[in-house]
Amino acid sequence: MNRRCRSTMPEWLALRKHAVGMKKLHLRDLFAADPGRGRRYALQAEGIYLDFAKNPVNDETLDLLFALAAACGLEQEVRRLFAGEAVNETEGRPALHWALRDSSGRPQRVDGADVMPRIREVREQMAAAAGRIRSGNWIGHGGRPLRHVVHIGIGGSDLGPRMACAALRFYSQRDLQVHFVSNLDPSHLSETLRFLSPETTLFIIASKTFTTQETMANAGAARDWLLEHFQDRAALVRHVAAVTAHPQAALAWGVAAENVFEFWDWVGGRFSLSSAVGLPLMMAVGPERFIDMLSGCAAMDRHFRSAPPRENLPLLLALLGVWHADFMGAATHAVLPYSQYLRLFPAFLQQLEMESNGKGVDRGGREVDYATAPVLWGEPGTGGQHAFFQLLHQGTQAVPCDFIGYRRSLEPFRDHHEQLLANMFAQAQALAFGRTREELAREKVPAALQPFREFAGNRPSNTILAEELTPATLGKLIALYEHKVFAQGVLWNVFSFDQWGVELGKKIAGRLLPKIKGELPADDEDGSTRALIEYCRDKNPSEK
């Protein structure tokens, strides 16, 4: 593998030099010079159509980018990932999220043991639990069927299943309601439980370690809520399940053994939807559709693993992202799904991309002197058009965008969907080509108004289309971005599967908690933190 400082590599320097000339070109120039650009700069694979023509790239740019990927040893790193090697090197673990959806029958060994049989066992356990609750045969302590599932987790144990349940809502069983609680703010749990009954509620506690502060605080409050009603700890057997890599901790907490669903340390939280973390999704849409989603993921896994570089969707997205972040000066990236079902997809990608590649130290322990993960953000269209698109079109920053949509709607309102597509294509076109003073003059716009109505254009975007939103296409979309993130980690020479940056805040919070409670003095804290603690303690009604 190539672990040289990226910014000193000849391929990197060649791209930097090439970018100087590309910045002088406008997308209008590139399209004018190549009438067939719209078809040449498009790629279709596994039912996904990617139009990347509205990016400031030409054939030379792509040649240089693919040369960079080769020089960085991406092909070798992909082999290492799918061979189960310890690509999560700082924690000494493989990253086997792809194995969770691998149906090839090949063994995959971790520490000498084949993990595939256990993966299948847990999935069968999940399917049995989902079947019980969907059929009304999961009976609560009071004798009533459980019809509400409250999933308690945070980060990867929350964002993935929350996003997927929203995305596949069309396919869900409507008399079974799935809720999500993640925030330590007590209002999140309180508002969720306000109209629920303990008699009909199942809690799923999802925590890899079963020690996550926010999750366990909410789990403890949920347990108290159940016991206040039932006055019997035996009720926990019927009303609490756990998803964890540490089953013994769940058992000690009070979860019945049959309700403990295992996943493993070699599954990163933000990559864990395909594991037992996806249990609430399986309950919502059923085992068959959950398997369909896994099949979609697996199809994209195979594509990423075997497709030639120039036909490889995740690699192409990764290279374009590096081009914008490191050579064209883009600090942010917007993901704009033109699907209300995908409204939570940008939030899911925020963690996937920013926690994976938001690193300032490369694999050799050196501080990087180039940009890594951009700030990722976004909202669904068309609502975003009436909120922040003004900045995208006429602001001072160029923001690369991913537009995501479907050829057909799941709903019967065909005219609505055609309007939706028209808006998506129009926004991408307006961002790319803008509107010139000459065009405004031809439209007889008064000269005094022309500066305000001029659009510079030259704002890059990708358009990603699939036939319709099915469980399988959602799986393909998820894996597409997962592998984009991995490829970019290789290109930026950072480790994508650890997240040490979140640990310091947790450690400090643990130190501050007894001081906020008044159990310890805050004299040894910095002046700002000490003042904040004293302010909150002074305002605490329990101290008055």
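**Strand E8 and its neighbours**

Let me start with a pairing. Strand E7, residues 201–206, runs parallel to E8, and the two pair over 4 bridges. Keep in mind that this is a predicted model.

One contact point from that pairing: Phe203 has Val240 as its bridge partner in E8.

Now the other partner. E8 also pairs with strand E9, residues 260–262. That pairing is parallel too, over 3 bridges. Here Val243 stands opposite Phe261 of E9.

How do E8 and E9 connect? Look at helix H11, residues 247–253. E8, H11 and E9 together make a β-α-β unit, and the unit is right-handed.

Next, burial. How many residues of strand E8 are buried? The count is 5 of the 5, across residues 240–244, so the strand is largely enclosed by the rest of the structure.

Which way do the residues of E8 point? Val240, Ala242 and Thr244 point one way. Ala241 and Val243 point the other way. Both sets are buried. Put that beside the pairings: Val240 is the bridge partner of Phe203, and Val243 stands opposite Phe261.

Last stop, a glycine. Where is Gly321 found? Gly321 sits in helix H14, residues 313–327. Is Gly321 buried or exposed? Its relative accessible area is 15%, and the cut-off for buried is under 20%, so Gly321 counts as buried.

One distance to finish. Gly321 and Phe170 are separated by 151 residues in sequence. In space, C-alpha to C-alpha, Gly321 and Phe170 are 32 Å apart.

Conventions. Residues are numbered from 1 along each chain as its sequence is written. This is a predicted model: local features need pLDDT of at least 70, side-chain atom pairs count only at pLDDT 80 or more; totals for chains, interfaces and linings use all residues. Side-chain values use heavy atoms; hydrogens and water are left out. Buried means under 20% relative accessible area, exposed over 50%, partly exposed in between (1.4 Å probe, protein chains only). Two strands pair if DSSP finds at least two bridges between them. A crossover is right-handed if, with the strands pointing away from the viewer, the path from the first strand over the helix to the second runs clockwise.
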